[in-house]
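Hi,

Here is the structure I promised to pass on. Have a look at it first, and then read on for what turned up.

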Amino acid sequence: MVVRLVRYRHEGATGWGVLDDGYISALDGVYDRTADVIERGEADWKSASTTTGDIASADVELLSPVTTPCRVMCQGANYRQHAIESGMNPDNRAFNLFFDKTDASVTGPHAPVVRPGHVTLLDYEIELALVMRTDITAPRTITVEDLPDYIFGVTIANDLSARDVQLPQGQFIKGKSYRGFCPTGPVLAILEPDEFALLNDLDLRLTVNGEQRQFDNTANMLYRPAETLTELSEFCNLSPGDMLLTGTPHGCVATSPPPLVRRLATALLPEDKLWAAFIKQNQRKPYLQPGDVIEASIRNAAGSLDLGTQRTTISAAWLSKGLS
C-alpha cells in the first residue's frame with residue numbers, strides 16, 4: 001500500500017506524519033532531514049500508517065517533504081508534446097537533456113512565491129519528482145527492477161522559470177533557481193516494490209486561476225527513470241533526500257518557433273535584437289502575474305497513488321532591487 005508521508009508545522013513545532021483521508025498520524029521520532037526519515041524512520045512511518053490520524057491536515061501548515069540542503073537535478077523536454085513545443089523533434093533526439101536548480105528554490109506546497117521585480121516572463125512547469133533512497137557515487141547500471149533500491153518516494157515539484165533570464169542569458173540555473181522557484185509536495189509517496197509500475201500511468205494537471213494549462217500522462221515520457229538514473233550516475237553524485245525532476249508536459253507559456261524560423265531569425269537579426277524581440281512578443285502571452293494562483297496535482301485514475309495538490313500564489317516583489 002502506498003504510504004503518503006507529509007512534513008508539517010503545527011502549534012509551533014515541525015513534524016512528520018502519514019496522511020490518510022484528511023488526517024495525519026504523527027511519527028514518534030524527530031527527523032531534521034528527509035534523509036533521516038529515509039535512513040532510520042521506516043519502522044516509525046510503517047507504524048503510523050496503521051494508526052488512525054488525529055491531526056486534521058487543514059489545521060497545519062504543510063511544508064516541503066524534501067528538506068534542504070539537497071541536490072535538485074532536472075530533465076528537460078522529456079514529454080513528447082513538450083519537446084515539440086520546445087522546437088525539438090522527439091523522434092530524432094538522441095540525448096537526455098539535464099540541468100539543475102539550486103536548493104534555494106525549494107519551498108512548501110502552499111507557500112507564496114515572490115516574482116522578482118526584474119522578471120516579467122514567469123512560467124510554470126509541473127513535474128513528477130523522484131526522491132532518492134541511497135547514495136550514488138559511481139556509475140551504475142540501473143534497471144526497472146532496481147528502482148526500489150534507489151527511489152524512496154515521489155512528490156510534486158513546480159519548476160518555476162524566469163524565461164527572460166533563462167533564455168536570453170542562456171542561464172538555466174539562474175533563471176530557474178530564484179528563491180521559491182521549486183514548490184515541492186505536499187505528499188511524499190512511499191511505494192512498495194510492486195507499486196513502482198504505477199509511475200508509468202500518472203496524470204499531471206496544472207491550472208492557473210482555475211484554467212487548465214497543463215495536462216499529460218507519465219506514459220508519454222521520452223526517457224524513463226531507470227535509464228535516466230543510469231546516465232545521471234555517470235556524471236553526478238546523489239544522496240538520500242536528493243530530488244530528480246523528470247520533466248514537464250506541454251502547455252507552458254514559453255514555446256519555440258520551428259527550427260527553420262529560428263535559423264532565419266538568427267541570420268537576419270543580431271542576437272541582442274533577436275532576444276529583445278522575443279521578450280517584447282512574449283510579454284503579450286499569459287505569463288504568471290502577482291495574484292495568480294497555481295494548482296498542481298499528480299495522481300493515477302484509480303486514486304491509489306495521489307500526491308495531493310499544490311496551491312501556489314504569486315506575489316509581487318517588496319523590493320525589486322534586492323531581488324535583481
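Start with Pro69, which sits in the loop between strand S5 (61-63) and strand S6 (72-76). The peptide bond joining Thr68 to Pro69 is cis, with omega at about 5°. Bear in mind as you look that this is a predicted model.

There is another cis bond further along, running from Gly185 to Pro186, with omega near 15°. Pro186 also belongs to a loop, the one between strand S14 (182-183) and strand S15 (188-190).

While you are looking at the backbone, check Ala77 too. Its phi is near 50°, a positive value in a residue that is not glycine. You'll find Ala77 in the loop between S6 and helix H3 (80-85).

Now for the overall layout. The domain assignment splits the protein into domain 1 (3-62) and domain 2 (72-316). Their C-alpha centres are 27 Å apart. Where the two touch, domain 1 brings 11 residues to the contact and domain 2 brings 16 residues.

How much area is buried between domain 1 and domain 2? It comes to about 1200 Å², and carbon and sulfur atoms give 67% of that. On the domain 1 side, three residues are worth clicking on: Arg4, Ile38 and Leu62 supply 46% of the area that domain 1 buries against domain 2, more than any other three residues.

As for charges and polar groups, the rule finds 0 salt bridges across the interface of domain 1 and domain 2. There are 3 residue pairs in polar contact between the two domains, counting pairs with both residues at pLDDT 80 or more. Strand S1 (3-10) and helix H1 (34-40) each give at least two residues to the side of domain 1 that touches domain 2. By type, the residues on that side are 8 nonpolar, 1 polar and 2 charged.

Last topic: the aromatic rings. The count is 4 aromatic pairs, and one of them is Trp45 with Phe152. How are those two rings arranged, Trp45 against Phe152? Their centres lie 6.3 Å apart and their planes meet at 75°, so the pair is edge-to-face; the cut-off for that label is over 60 degrees. Trp45 is in helix H2 (residues 42-48) and Phe152 is in strand S12 (residues 151-158), so this pair ties together parts that are 107 residues apart in sequence.

That's the tour. Shout if you want to go through any of it together.

Cheers

Key
Residues are numbered from 1 along each chain as its sequence is written. This is a predicted model: local features need pLDDT of at least 70, side-chain atom pairs count only at pLDDT 80 or more; totals for chains, interfaces and linings use all residues. Side-chain values use heavy atoms; hydrogens and water are left out. Domain bounds come from an automatic or database domain assignment. Contact means heavy atoms within 4.5 Å. Buried area is the accessible area (1.4 Å probe) that two parts lose on being put together, summed over both. A salt bridge is a side-chain nitrogen of Lys or Arg within 4 Å of a carboxyl oxygen of Asp or Glu. A polar contact is a pair of N or O atoms within 3.5 Å; within protein, one must be able to donate a hydrogen and the other to accept it, and residues adjacent in sequence count only if both atoms are side-chain atoms. Helices (H or I, at least four residues) and strands (E, at least two) are DSSP runs, numbered from the N terminus. Ala, Val, Leu, Ile, Met, Phe, Trp, Tyr, Cys and Pro count as nonpolar, Asp, Glu, Lys and Arg as charged, and the others, Gly among them, as polar. Rings of Phe, Tyr and Trp (its six-membered ring) pair if their centres lie within 6.5 Å; planes under 30 degrees apart count as stacked, over 60 as edge-to-face and the rest as tilted.
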